Amino acid sequence: MSSAERASLRESWQARVAAFLASGLSAAKWCAENQVTESRLWYWVGKFRAEQQEKSSSSTDWVAVQMDTSTDTGPLHVRIGQVEIEVKPGYNPELLRGVVRTLMTLC
């Protein structure tokens, strides 16, 4: 299959998946009405969702932060989405890293 044929197939399935999601029908009913097997429909739905998740998870912008700890011994407040974390001196960096990663996937 040529790259043009693959691109055409992909566009066709993007349109079909969009039509299915917008229809409000069950997969079985939509597939019966559109002469498509359910397994093929779910393959493409899963493929497009995985690609979307990849895009959204790889679009995180990280910012370098430098702190002058000699003058400030108070807590650091980190906001991720609507969640705020108070980080006090002597925190566990691995625990904070795990919490931030978890929150980034949820926000």
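Does Trp 42 count as buried, partly exposed or exposed, or, put as a plain "which", which of these classes does Trp 42 fall into? At 41% relative accessibility, Trp 42 counts as partly exposed, and I will come back to this residue when we reach the aromatic pairs. Please keep in mind throughout that what we are looking at is a predicted model.

Let me begin with the overall layout. The chain has four helices and two strands, and, read from the N terminus, these elements follow one another as α-α-α-β-β-α. Of its 107 residues, 16% count as buried, while the accessible surface comes to about 8,500 Å², with 53% of that area belonging to carbon and sulfur atoms. As for the contacts between residues at least 6 apart in sequence, 32% of them join residues at least 24 apart.

Now to helix α2, which covers residues 27–34. Its buried residues are Ala 27, Trp 30 and Cys 31, and, when we look down the helix axis, these fall within an arc of 95 degrees, so they line one face of α2. Just after this helix, Gln 35 takes a positive phi of about 50 degrees.

The three buried residues of α2 bring us to the largest nonpolar core, which has eleven residues, including Ala 27, Trp 30 and Cys 31 together with Trp 13, Val 17 and Phe 20. The elements that give two or more residues to this core are α1, residues 3–23, then α2, and α3, residues 38–58, and the largest share, four residues, comes from α3. One contact inside this region is worth pointing at on the screen: Val 45 touches Val 17 and Phe 20, if we leave out residues up to four places away in sequence. There is also a second, separate core of six residues, among them Ile 80, Ile 85, Val 87 and Leu 103.

Let me turn to the aromatic rings, where the count comes to five pairs. Phe 20 and Trp 42 form an edge-to-face pair, at 5.6 Å centre to centre and with 85 degrees between the planes. This pair links distant parts of the chain, since Phe 20 belongs to helix α1 and Trp 42 to helix α3, 22 residues apart. Here the opening question returns, for Phe 20 is buried, with a relative accessible area of 7%, whereas Trp 42, at 41%, is partly exposed.

A second pair, Trp 44 with Phe 48, is tilted, at 5.5 Å centre to centre and with 40 degrees between the planes. Why are these two residues separated by about one helical turn? Because they are four residues apart in helix α3; and, as a general point, an α-helix has 3.6 residues a turn, so residues three or four places apart point the same way. Both Trp 44 and Phe 48 are buried, and both of them belong to one aromatic cluster with Trp 13 and Tyr 43.

Finally, two members of that cluster, Trp 13 and Tyr 43, also have an arginine over the ring. Arg 16 lies over the face of Trp 13, at 4.6 Å from the ring centre, and the charged end of Arg 40 sits over the ring of Tyr 43, 5.2 Å from its centre.

Conventions
Residues are numbered from 1 along each chain as its sequence is written. This is a predicted model: local features need pLDDT of at least 70, side-chain atom pairs count only at pLDDT 80 or more; totals for chains, interfaces and linings use all residues. Side-chain values use heavy atoms; hydrogens and water are left out. Buried means under 20% relative accessible area, exposed over 50%, partly exposed in between (1.4 Å probe, protein chains only). Contact means heavy atoms within 4.5 Å. Accessible areas come from the Shrake-Rupley method with a 1.4 Å probe; for residues, only the protein chains shown count as cover. The arc is that of the directions from the helix axis to the C-beta atoms. A nonpolar core is a set of buried Ala, Val, Leu, Ile, Met, Phe, Trp, Tyr and Cys residues joined through side-chain atoms within 4.5 Å. Rings of Phe, Tyr and Trp (its six-membered ring) pair if their centres lie within 6.5 Å; planes under 30 degrees apart count as stacked, over 60 as edge-to-face and the rest as tilted. A charge sits over a ring if NZ of Lys or CZ of Arg is within 6 Å of the ring centre and within 35 degrees of the ring normal.
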